[in-house]
Each structure stands twice: as C-alpha cells, then as structure tokens.
Amino acid sequence: MIDLYTWTTPNGRKVSILLEELGIDYTVHSIDISKDQQFAPDFLEIAPNNRIPAIVDRDTGLALMESGAIMLYLADKHKQFQVEGQDYWRMMEWLMWQMGGLGPMLGQVHHFVKYNQGKSAYAEERYSNEARRLYKVLNKRLEGRDFVAGPGRGEYTIADMSMWPWVSRFDWQQVDLSDFPNVRDWYVRIAERPAVQRGYQVPKYVTDVPMP
Ligand SMILES: N[C@@H](CCC(=O)N[C@@H](CS)C(=O)NCC(=O)O)C(=O)O
C-alpha cells in the first residue's frame with residue numbers, strides 16, 4: 001500500500017497518474033499548498049524539501065520525495081512503464097529532461113504569464129521563448145513516434161507520464177498545440193487513457209482534462 005501526499009498540480013498528477021496506471025491500492029493525503037500545509041512538521045518528516053508529491057511505501061517503510069525518484073521507484077518495484085537496455089537510458093534521458101527543463105521552465109511561465117502578467121516583460125519573454133523551444137524539441141523527438149522512449153514507435157513509460165501533466169496546462173502557457181502537431185497527437189493519445197483521466201482528478205476535481 002502506498003500513501004500519496006499530493007495536490008492538484010502537474011508534479012502531483014505525475015504520480016497519481018502512474019499509480020492509476022499501475023492499478024495498485026493507494027491512500028491519498030491532500031497537502032493544500034495554497035494553505036502552506038507543505039510546511040507542517042509531520043509532512044516535513046516525509047518531504048524535507050516541503051514540496052509535493054511524496055510517498056510512503058507502507059510495505060517497506062520507505063518515504064520518498066521528488067516526483068522523478070518516486071516514478072523510478074514505482075516503475076522499478078512493479079516492473080512496468082519502463083523499457084530495458086539502452087532504451088532504459090533513453091527513457092531516463094527524457095525523464096531528466098523533464099525534471100530539469102520542461103517542468104521548471106513551464107512552472108516559470110505559469111508564474112509570469114498566467115499569474116503575474118505585466119510584472120516583468122523580460123521574464124514573460126524569456127520563459128515563453130524557452131517554453132516554445134522545449135515544445136519544439138519534444139515535437140522533434142515525437143516525429144514518427146508515439147512515445148518518447150522505447151523501440152520502434154516507442155512505448156508508454158514514466159518519461160511520458162512525467163511530461164504530460166505539464167503539457168496539459170498548454171492554455172496557461174498560451175501555447176497552441178497545433179503549432180506542435182506531434183506533441184498534440186501524443187498529448188491526446190495519453191489524455192484518452194482511462195487511468196490518466198482518473199489520475200488527473202487526484203486529490204480532487206478541478207477541471208476536466210483539457211483537450212486541444
Ligand atoms: N522537483 C520537485 C518539484 C516539486 C514541486 O515544485 N512541487 C510544487 C507543486 S507542483 C510544490 O509543492 N510547491 C509548494 C511550494 O512552492 O511551497 C518534484 O518534481 O517533485
């Protein structure tokens with residue numbers, strides 16, 4: 001049994017989507033980051049960086065923070081949604097690309113373009129340009145592929161699951177997915193999965209899954 005500590009954000013949804021895809025039992029604990037619940041001492045015991053998501057694996061007692069580490073742990077434990085050999089490292093490469101690039105940069109777009117528009121033209125331009133550059137890179141990777149890693153046209157892995165919730169906020173980013181047709185097709189392919197539809201609504205319903 002997994003305890004999932006999460007909120008209605010892209011980093012949280014990565015893990016709830018994976019847990020739904022795995023079809024395993026888990027208990028959801030809401031950490032409302034708008035009410036500073038991420039700073040509660042009992043949560044800090046599990047997640048010392050005061051950010052969601054975090055998990056506790058009750059089978060082993062292991063507590064983990066950082067969505068990338070959590071996804072790697074769960075995929076390895078259940079031997080699913082990962083690929084093997086050299087493809088494993090390609091999957092890791094794109095997972096790390098998301099952790100260090102796509103997620104943090106789109107997060108800045110949300111701050112400066114959605115929530116604080118007009119405060120800094122420099123930041124709006126910088127992060128919007130960077131977002132478009134990253135979308136272009138992903139679009140190129142998905143040329144002739146269904147998923148970012150794996151043999152042939154690729155297999156659905158945790159690398160895709162890590163990126164998808166960030167792309168789901170394309171309207172916040174003022175990104176028109178028709179400018180990136182391979183990303184749009186990939187996004188819709190994943191959005192239509194029942195587990196993704198369920199995982200998106202954890203820990204509570206906010207909106208339907210956005211469709212381009
Ligand atoms: N690198 C971390 C980032 C986690 C993160 O930034 N979480 C945000 C929500 S998406 C958060 O908890 N923010 C709380 C805060 O800023 O205090 C991960 O991938 O898990």
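Guide: A helix is a DSSP run of H or I with at least four residues, and helices are numbered from the N terminus. The model shown here is predicted. One element of this kind is helix H8, residues 194-200, and Pro203 is placed in the segment after helix H8.

Visitor: Is the peptide bond from Val202 to Pro203 cis or trans?

Guide: Most peptide bonds are trans. The bond from Val202 to Pro203 is cis, with omega near 5°. The peptide bond from Ile52 to Pro53 is also cis, again with omega near 5°.

Visitor: Where does Pro53 lie?

Guide: Pro53 is in the loop between helix H2 (41-46) and strand E3 (54-57). Asn50 lies in the loop between H2 and E3 as well.

Visitor: What is phi of Asn50?

Guide: As a general idea, most residues other than glycine have a negative phi. Asn50 has a positive phi, near 45°.

Visitor: Which residues are around the ligand?

Guide: Asn50, Arg51, Ile52 and Pro53 are among them, and so are Thr9, Asn11, Ile33, Gln38, Glu66, Ser67 and Met99.

Visitor: How should I read the polar contacts of the ligand?

Guide: Look for pairs of N or O atoms within 3.5 Å. A side-chain N or O atom of Arg51 is 3.2 Å from an oxygen atom of the ligand. For Glu66, a side-chain N or O atom is 2.8 Å from a nitrogen atom of the ligand. In Ser67, the side chain has an N or O atom 2.6 Å from an oxygen atom of the ligand. The ligand taken alone exposes 520 Å², and the protein buries 79% of that.

Visitor: How much space lies in the largest pocket?

Guide: The largest pocket holds about 960 Å³ of space. It is lined by 31 residues, and those closest to its centre are Asn11, Ile33, Arg51, Ile52 and Trp166. Helix H1 (10-22) and helix H4 (86-115) are the elements that give two or more residues to this lining. H4 gives the most, with nine residues.

Visitor: How does that lining divide by class and by domain?

Guide: By class, there are twelve nonpolar, 15 polar and four charged residues. By domain, at least three residues come from each of domain 1 (2-80) and domain 2 (86-193).

Visitor: What about the second largest pocket?

Guide: About 160 Å³ of space lies in the second largest pocket. Its lining includes Thr8, Arg13, Tyr115, Trp172 and Tyr200. Five nonpolar, three polar and three charged residues make up that lining.

Terms used:
Residues numbered from 1 in each chain as written. Predicted model: local features only at pLDDT ≥ 70, side-chain atom pairs only at ≥ 80, totals over all residues. Heavy atoms only, no water. 1 Å grid on protein atoms, 1.4 Å probe; cavity = no way out; pocket = protein on both sides within 12 Å on 5 of 7 lines; lining within 4 Å. Points joined across faces, edges and corners; volume = space filled by probe spheres on them. Nonpolar A, V, L, I, M, F, W, Y, C, P; charged D, E, K, R; others polar. Domains from an automatic or database assignment. Near = heavy atom within 4 Å. Polar contact = N/O pair within 3.5 Å; in protein donor to acceptor, adjacent residues only side chain to side chain. Areas by Shrake-Rupley, 256 points an atom, 1.4 Å probe, with all protein chains shown as cover.
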